[in-house]
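Good morning, and thank you for coming. Today I should like to take you through one structure, and I invite you to follow along on the display.

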Amino acid sequence: MEYTFRKATADDLELLVDPRITVLRAANRLDDGTDMTEVRRASWEYYRAALADGSHVAYLVLDRDKVMGTGGVSFFRVMPTFHNPSGRKAYIMNMYTAPEYRRRGVALRTLGLLVQEANNRGITAISLEATAMGRGLYERFGFIAMEDEMELPTSE
């Protein structure tokens, strides 16, 4: 079956936010009763602003009119380094395929579109955070695990 892969626009905010909440629930092992009102509002605002200014590109994967997959890439800049003199980076996020559509190449094609978006901007430093479920896909695509990065968790 052929699915439609299309770049999201400002008219697609609601179509983007629902899968975002699904991804966050799964990645953080949150049950359906967890209140996501603030995250939903903030995600909607993020998409509205970032799609408008070009700092984020998202793709929707549709089976007729049903959203069955998504993926996004955020663009940002850090100080230049030896390995990345431009300092421009891309971060792939919110990769999601509905369970009944998995293992059909949807995520692989979405990932390819997102990497191409970064390549079209001349960005060569592309990273992502992988769940155990997605790790194999990313490794097959050529992503490698990073050993030198650290994060400081904050308490809320």
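I begin with a single residue, Asp-18, which counts as partly exposed, at 42% relative accessibility. Please bear in mind that what you see is a predicted model. The side chain of Asp-18 meets that of Arg-40 in a salt bridge, with a distance of 2.6 Å from N to O. Asp-18 belongs to helix α1, residues 13–27, and Arg-40 to helix α2, residues 37–53, so this pair ties together parts that are 22 residues apart in sequence. Arg-40 is likewise partly exposed, its relative accessible area being 33%.

In general terms, side chains of opposite charge can pair when their charged atoms come close. How many salt bridges does the model contain? The count comes to seven. Two others deserve a mention here, and they lie within helix α2.

One of these joins Glu-38 to Arg-41, whose closest N and O atoms are 2.6 Å apart. The two residues are three places apart in helix α2, about one turn of the helix. Glu-38 is partly exposed at 48% relative accessibility, and Arg-41 is partly exposed at 47%.

The other joins Glu-45 to Arg-48, with the closest N and O atoms 2.4 Å apart. Here too the spacing is three residues, about one turn of helix α2. Glu-45 has a relative accessibility of 29% and counts as partly exposed; Arg-48, at 38%, is also partly exposed.

Let us turn to the sheet. Five strands form an open sheet in the order β1-β2-β3-β4-β5, and their pairing is mixed. Which strands stand at the edges? They are β1, residues 4–7, and β5; each has a single partner strand, so one side of each is left without a neighbour in the sheet. On average, neighbouring strands are turned by 20 degrees against each other, direction ignored.

The mixed pairing can be followed strand by strand. Strands β2 and β3 run antiparallel and are joined by eight bridges. In this pair, Ala-58 stands opposite Gly-72 of β3. Strand β4, residues 88–97, and strand β5, residues 125–128, run parallel, with four bridges between them. There, Ala-90 stands opposite Ile-126 of β5. Between β4 and β5 the chain passes through helix α3, residues 106–120, and this β-α-β crossover is right-handed.

Helix α1, which we met through Asp-18, also has a place against the sheet. This helix lies across β1, β2, β3 and β4, and runs at about 85 degrees to β4.

What, then, of the interior? As a general matter, nonpolar side chains tend to be buried together in soluble globular proteins. In this model the largest nonpolar core has 16 residues. Those with the most contacts inside this core are Val-73, Phe-75, Ile-92, Leu-111, Tyr-138 and Phe-143. The elements that give two or more residues to the core are β2 (56–63), β3 (66–77), β4, α3 and α4 (132–141). Which element supplies the largest share? Helix α3 does, with four residues.

Phe-75 merits a closer look. Leaving aside residues up to four places away in sequence, Phe-75 touches several others, including His-56, Val-57, Ala-90, Ala-118 and Ile-123. Ala-90 is thus a contact of Phe-75 as well as the residue opposite Ile-126. Apart from the largest core lies another, of eleven residues, among them Leu-16, Ile-21, Met-36 and Leu-60.

I close with two residues that share an unusual backbone setting to consider. Arg-29 is not a glycine, although its phi is positive, at about 55 degrees. Asn-94, also a residue other than glycine, has a positive phi near 60 degrees. Are these residues buried or exposed? Arg-29, in the loop between α1 and α2, is exposed, with a relative accessible area of 77%. Asn-94, in strand β4, is buried, with a relative accessible area of 7%. The cut-offs make the contrast plain, because buried means under 20% relative accessible area and exposed means over 50%.

To review the path we have taken: we began with the pair of Asp-18 and Arg-40, passed to the five-strand open sheet, and then reached the core of 16 residues. Thank you for your attention.

Methods. Residues numbered from 1 in each chain as written. Predicted model: local features only at pLDDT ≥ 70, side-chain atom pairs only at ≥ 80, totals over all residues. Heavy atoms only, no water. Pairing = 2+ DSSP bridges. Right-handed = clockwise from strand over helix to strand, strands pointing away. Salt bridge = Lys/Arg side-chain N within 4 Å of Asp/Glu carboxyl O. Buried < 20%, exposed > 50% of the residue type's maximum accessible area, 1.4 Å probe, protein only. Core = buried A, V, L, I, M, F, W, Y, C linked by side-chain atoms within 4.5 Å. Contact = heavy atoms within 4.5 Å. Axes fitted to C-alpha atoms, helices over the stretch in contact; angles between N-to-C directions.
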